[in-house]
Amino acid sequence: MVERRKIVLVGTGFVGMSMAYSLLNQGGVNELVLIDVVKEKAEGEAMDLSHGMPFAPSKMDIKAGDYLDCKDANIVVITAGLNQKPGQTRLELAKENAKIMKDITKQVVDSGFNGTFVIASNPVDLMTYVVYKVSGFPKEKVIGSGTVLDTARLRFLIGEYLQVASKNVHAYIMGEHGDSSFVPWEHAYVGCKKLTDVMKEQGKDLKDLDKIYEDVQQAAYEIINKKKATYYGIGIALTRLIKAILGDENAIMPVSMYQNGEYGHSGMFIGVPAIINRNGIKEMVKLNLEPEVQEKFDYSCNLLSKMIEEEINPILE
């Protein structure tokens, strides 16, 4: 008997459909249900995707559905919400999208769903917190896309800079998926060598790392200014996260996960490396941060804590 691998996607905008298209191309999922507040949009997307089935690597049943379809799903992915506008920060989206996220989560839980939530709606750390609080799910079953995309951008740019395959760059963006993120460069590797050692051997200026991080941090704003939205990168990143869960991979990915004092902070979700498997988050990969890097993490956590207290909790009460 074929193992059931059912995904429900809530939100058929650019991000959600980029993920759906990526899933269709890569295979590994045998049922995909699309939910959108505009039912006809979901129906049209399901039809369009299904017409590519003859060229897909494996069969996938794709349909438009409703929240009752979440009951027996392995994963519910939420990408719904208002988009980030040019000049708008992710955090400015918080209050409006928190109300949307609260309503969606209630409807998913009411279906009897007991799988894993994956959230990509921005600001993702805060929206993941909303889903966690409203759902009442165990913290390991609520995962935000966190800094997965930021990290992919970082690996790509380092690979281009050093002319090595980005797959062999092991470096992570941590913190908020936004302007207060940071890179713990001490834990960045190319293959099995420290990134800083590789750069010194090649006679490269370590200050170039600041420019690489700046390019990562500004990437979303630049893309939004040029084409109004970012979606392909996060779509592929979400597919990678889904496959790590379904495949029970124990893969290490920098996701938004609940903090319980591991880095000196509690009560919020923020991007840190974690081991991902069929149970959701198996465990955090705790890094020893240098004092100046810990300060950056503190700043990012404090920023999110302030937003939770002032903007999010009043909506959840």
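**Overall fold and selected local environments**

Of the 317 residues of the protein chain, 53% count as buried in this structure, which is a predicted model. The radius of gyration of the chain is 19 Å, and this agrees with the value near 20 Å that a compact globule of 317 residues would have. Along its principal axes, the C-alpha trace extends over about 55 × 50 × 40 Å. The surface exposed by the protein chain amounts to about 14600 Å², of which 51% is supplied by carbon and sulfur atoms. When contacts with a sequence separation of 6 or more are considered, 70% of them link residues that lie 24 or more positions apart. The secondary structure of the chain comprises nine helices and 12 strands.

Among these elements, three strands form an open sheet in the order S7-S8-S9, with antiparallel pairing. Its edges are strand S7, covering residues 169-170, and strand S9, covering residues 193-194, each of which pairs on one side only. Strand S8, made up of residues 189-190, runs antiparallel to S7 and is joined to S7 by two bridges. Within this pairing, Val-169 stands opposite Val-190 of S8.

A charged residue in a buried setting is found in helix H3, which spans residues 94-110 and contains Lys-102. Lys-102 is buried yet forms no salt bridge, and the nearest side chain of opposite charge, that of Asp-103, lies 9.1 Å away, whereas a salt bridge requires a separation within 4 Å between the side-chain nitrogen and a carboxyl oxygen. When residues up to four places away in sequence are left aside, Lys-102 touches Val-130 and Val-134, together with Ile-315, Leu-316 and Glu-317.

A second buried position, Leu-289, is located in the loop that connects strand S12 (280-284) with helix H9 (291-316). Leu-289 has a relative accessibility of 17% and therefore counts as buried, the cut-off for this class being under 20%. Apart from residues up to four places away in sequence, Leu-289 is in contact with Met-174, Pro-184 and Tyr-263, and also with Gln-294 and Phe-297. Between Leu-289 and Asp-110, which are separated by 179 residues in sequence, the distance from C-alpha to C-alpha is 41 Å.

Conventions. Residues are numbered from 1 along each chain as its sequence is written. This is a predicted model: local features need pLDDT of at least 70, side-chain atom pairs count only at pLDDT 80 or more; totals for chains, interfaces and linings use all residues. Side-chain values use heavy atoms; hydrogens and water are left out. Two strands pair if DSSP finds at least two bridges between them. Helices (H or I, at least four residues) and strands (E, at least two) are DSSP runs, numbered from the N terminus. Buried means under 20% relative accessible area, exposed over 50%, partly exposed in between (1.4 Å probe, protein chains only). Lys and Arg count as positive and Asp and Glu as negative; His and the chain ends are not counted. Contact means heavy atoms within 4.5 Å. The radius of gyration is taken over C-alpha atoms; the globule rule is 2.2 Å times the number of residues to the power 0.38. Accessible areas come from the Shrake-Rupley method with a 1.4 Å probe; for residues, only the protein chains shown count as cover.
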